[in-house]
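Me: I am in my first year and still learning to read protein structures. Could you take one part of this chain and go through it slowly with me, after placing it in the whole?

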Amino acid sequence: MYFVFRSLGYPSLLCFQLARICSRLPQEPRQLPLEDAGTLPYKRWKQGHLPQGAPTSPMLANLAVHTLDTRLTNIAKQQGWTYTRYADDMAFSRDDKAQRSAALHLLKLVDQSLVRFGLAVRHPKTTISPPGARKVLLGVLVDRQWPRLTQAFRNNLETHLYALTAPKIGPTAHMRKRGFVSKIGMQRHVAGLLAFAHQVDKKYAAIQYNRFNSIDWNL
């Protein structure tokens, strides 16, 4: 993280502070006796940091792998593919048909580039989808002209909304059944599912938003 900020032109000391704020320390700072309080504040007091998933996370991740993105984009173009990435999910696609051997060759080149960059490939998650096969990317069906929500996602969202709006169930019982710590946490979880649905299918999401807005959270 330090070198990411250095590459942007920040002074070294400021880079250290920014990297500390944006990263979690591997272990808790050593606690010193009270008489030493104030003399070594960085060791005496636990330093704060941004939470995992803060808005800085994806921005810094993109900066950290910018060189890798450029390299993989060039490799994909040379082989006739299009490279896209979201966080740590990478996809390589093309408009025309290709032999499986071509996909395996591309996979080998990508694997080599990732290893040289210091990253590891999760091979169990790597899939090669032939033409006409069901294709799910980032939880969204992308095997047709327009992206679609999966049936599993719809079932999960609609089950939440059914339970939350059902007079015999309601938020309190559903919260306990699903193991949520609080109603507000459950509410934000379902709201996040709805926001995801809205990005993919606005008409479907509008119907579910009406159900969500009718929930009596006091039950």
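The request below names the part, and the reply follows it from one residue to the next.

Me: Please look closely at Arg 154 and its surroundings: which side chain does Arg 154 meet in a salt bridge, and over the face of which residue does Arg 154 lie?

Reply: Before turning to the part you chose, please keep in mind that this is a predicted model. The chain has ten helices and five strands, and of its 219 residues 24% count as buried. Among contacts between residues at least 6 apart in sequence, 46% join residues at least 24 apart, and the part you ask about offers several examples of residues that are far apart in sequence and yet come together.

Let us begin with the salt bridge, in which the side chain of Arg 154 meets that of Asp 201, at 3.3 Å from N to O. This pair links distant parts of the chain, since Arg 154 belongs to helix α7 (residues 151–165), whereas Asp 201 sits in the loop between α9 (183–200) and α10, 47 residues apart. Asp 201 has a relative accessible area of 23% and is therefore partly exposed, because buried would require a value under 20%. A search of the whole structure finds three salt bridges, and another of them joins Arg 85 to Asp 69, with the closest N and O atoms 2.8 Å apart.

Arg 154 has a second partner to consider, for it also lies over the face of Tyr 204, at 4.2 Å from the ring centre. The chain holds another arrangement of this kind, in which Arg 94 lies over the face of Trp 81, at 4.9 Å from the ring centre; Arg 94 also forms a salt bridge with Asp 96, where the closest N and O atoms are 2.8 Å apart.

Next, we can move from Arg 154 to Gln 208, a residue of helix α10 (residues 202–213). Although Gln 208 and Arg 154 are 54 residues apart in sequence, their C-alpha atoms are 10.0 Å apart in space. Gln 208 has a relative accessibility of 5%, so it counts as buried. Leaving aside residues up to four places away in sequence, Gln 208 touches Leu 157, Glu 158, Leu 161 and Leu 194.

The neighbour of Arg 154 in the numbering, Phe 153, gives us an aromatic pair to examine. The count for the structure comes to five aromatic pairs. In one of them, the rings of Phe 153 and Phe 196 have their centres 5.2 Å apart and their planes at 50 degrees, which means that the pair is tilted. Because Phe 153 lies in helix α7 and Phe 196 in helix α9, this pair ties together parts that are 43 residues apart in sequence. The two rings are not covered alike: Phe 153, at 12% relative accessibility, counts as buried, whereas Phe 196, at 26%, counts as partly exposed.

For contrast, consider the rings of Phe 212 and Trp 217, whose centres are 5.8 Å apart and whose planes stand at 65 degrees, so that this pair is edge-to-face. Here Phe 212 counts as buried at 11% relative accessibility, and Trp 217 is buried as well, with a relative accessible area of 19%.

To draw the picture together, Arg 154 in helix α7 is linked to Asp 201 in the loop between α9 and α10, while Phe 153 in helix α7 is paired with Phe 196 in helix α9.

Note on methods: Residues are numbered from 1 along each chain as its sequence is written. This is a predicted model: local features need pLDDT of at least 70, side-chain atom pairs count only at pLDDT 80 or more; totals for chains, interfaces and linings use all residues. Side-chain values use heavy atoms; hydrogens and water are left out. Helices (H or I, at least four residues) and strands (E, at least two) are DSSP runs, numbered from the N terminus. Buried means under 20% relative accessible area, exposed over 50%, partly exposed in between (1.4 Å probe, protein chains only). Contact means heavy atoms within 4.5 Å. A salt bridge is a side-chain nitrogen of Lys or Arg within 4 Å of a carboxyl oxygen of Asp or Glu. Rings of Phe, Tyr and Trp (its six-membered ring) pair if their centres lie within 6.5 Å; planes under 30 degrees apart count as stacked, over 60 as edge-to-face and the rest as tilted. A charge sits over a ring if NZ of Lys or CZ of Arg is within 6 Å of the ring centre and within 35 degrees of the ring normal.
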